[in-house]
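The following exercises are intended for a reader who has a structural model at hand. Each task is followed by a solution in steps.

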Amino acid sequence: MENINQLEKFWSKKKVFITGHTGFKGSWLSIILTYLNSSVNGFSLKPKKNSLFNKSMISKNLKSNTYANINDIKKLQKKIKQCKPEIIFHLAAQPLVLDSYKDPLKTFNTNIMGTLNLLEIIRKVKSVKSVVIITTDKVYKITKNNKIYKEFDQLGGIDPYSASKVGAEIVVNSYIKSFFRNSNLQNRISTARAGNVIGGGDFSENRLIPDIIYAINNKKKLNIRNPDHVRPWQHVLDPLMGYLFLAKKQYDNKSDNKSDNKDDYKEHAWNFGPNKGNFKKVIDIVKYIKKLQNFEFSVLKFKNFKETNVLKLNSIKARKKLNWLSKWNLAQSLEKTLEWNKDTKNGISAKDICERQFLMYLNKK
């Protein structure tokens, strides 16, 4: 795992383009990269008033900040050509399972066509040397034995969100095999699949940790669904560091992605999941936090929406080839998230807290 000096040496002055930079992950990534002195250009929908992006006031540190839809291909193309980025992180997405049932058309358009738009544009932008496209752990076809999924396992999605992300994976695979095999982007485009990320500044609805924090802050009763579902919980800094390592590896063009098997997704797909101890049931998370900060909760049953019962990721590839590892265990991840909430309530700058936790994360042995 690299230290702060090594990270700054590579990322300082790099021209970076982030789609979805106003979202939870995108805001954390923007804060980290601006701290590392990168020239960050953002392209995303306008953030909600109550968002990490606004609370951190990170827009002041960006080279450019564009509020637009990823499906506005003309505007996206114009901004990418203007910025001439070296590295692109594609995070723009409709990220919620429940919302995908409410508006499947928007979900498929954003997650598939948005990815397609980006890939089509970068075919003609010579400055780009590395592209990391963020998908999800929910792209795998679920088996009955609750296996731990590796990158080469079969893809499949039932709910609209999962299916849309599988669609994005297929589009990326097609473009890599069809257009980028003998281009300047050969071995420089990948998809990244992470678990259920948690951390300070996530205010999304229908996500467990944000809902718990809302219940704590407002003394409201929490309603949880699917208490026995198992998820690979991890602090947001874990996958973000994986994305940074992967982007650098591709930029240096030291990729091992040389397979010619057209059905083999593993050569450009990467899992960034937590250690086995972080695979926990929803109800276990609720009970752990309740010991730290009291709140009331009840269990609701949703019969209309299908969600995966168990999700576990195998991240050996990232550990071996990127020297990446999941550093904070579940207890530390939850405690840092609650600490972030407490510190912001005490008037500490959201950006300062994120930067402080980033340095704490790097310094952990």
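The exercises below concern a predicted model and treat its overall dimensions, its sheets and one pocket.

**Exercise 1. Overall dimensions**

Determine whether the radius of gyration of the chain agrees with that of a compact globule.

Solution. The chain has 365 residues, and for that number a compact globule would have a radius of gyration near 21 Å. The chain itself has 19 Å, which agrees with the expectation. Along the principal axes, the C-alpha atoms fill a box of roughly 55 × 45 × 40 Å. Within the chain there are 13 helices and 12 strands.

**Exercise 2. The sheet of 7 strands**

Establish the strand order of the open sheet of 7 strands, and identify the strands that stand at its edges.

Solution. The order is S3-S2-S1-S4-S5-S6-S10, and the pairing is parallel. Strand S3 (64-67) and strand S10 (269-272) each have a single partner strand, so one side of each is left without a neighbour in the sheet. From one strand to the next, the twist averages 15°.

A pair from this order can then be examined. Strand S5 (residues 130-134) and strand S6 (residues 189-194) run parallel and are joined by 4 bridges. Val131 stands opposite Ile189 in S6. Helix H6 (residues 104-122) lies across strand S4 (87-90), S5 and S6, and runs at about 170° to S4.

**Exercise 3. The sheet of 3 strands**

Describe the pairing in the open sheet of 3 strands and locate the helix that packs on this sheet.

Solution. The order is S7-S9-S11, with mixed pairing. Strand S7 (196-198) and strand S11 (279-281) are the edge strands, each pairing on one side only. The twist here averages 50° from one strand to the next. S7 and strand S9 (residues 230-235) pair in the parallel sense over 3 bridges, and Ile198 has His235 in S9 as its bridge partner. Helix H9 (residues 237-251) packs on the sheet, where it touches S7 and S9. The direction of H9 makes about 70° with that of S9.

**Exercise 4. The second largest pocket**

Characterise the lining of the second largest pocket by position, by helix and by residue class.

Solution. The volume of the second largest pocket is about 480 Å³. It is lined by 22 residues, of which Asn50, Phe203, Pro210, Tyr214 and Asn217 are the closest to its centre. Helix H8 (208-218) and helix H12 (330-345) each supply at least two residues of the lining. The largest share, 6 residues, comes from H8. By class, the lining comprises 6 nonpolar, 11 polar and 5 charged residues.

Definitions and conventions
Residues numbered from 1 in each chain as written. Predicted model: local features only at pLDDT ≥ 70, side-chain atom pairs only at ≥ 80, totals over all residues. Heavy atoms only, no water. 1 Å grid on protein atoms, 1.4 Å probe; cavity = no way out; pocket = protein on both sides within 12 Å on 5 of 7 lines; lining within 4 Å. Points joined across faces, edges and corners; volume = space filled by probe spheres on them. Nonpolar A, V, L, I, M, F, W, Y, C, P; charged D, E, K, R; others polar. Pairing = 2+ DSSP bridges. Axes fitted to C-alpha atoms, helices over the stretch in contact; angles between N-to-C directions. Contact = heavy atoms within 4.5 Å. Rg over C-alpha atoms; globule rule 2.2 N^0.38 Å.
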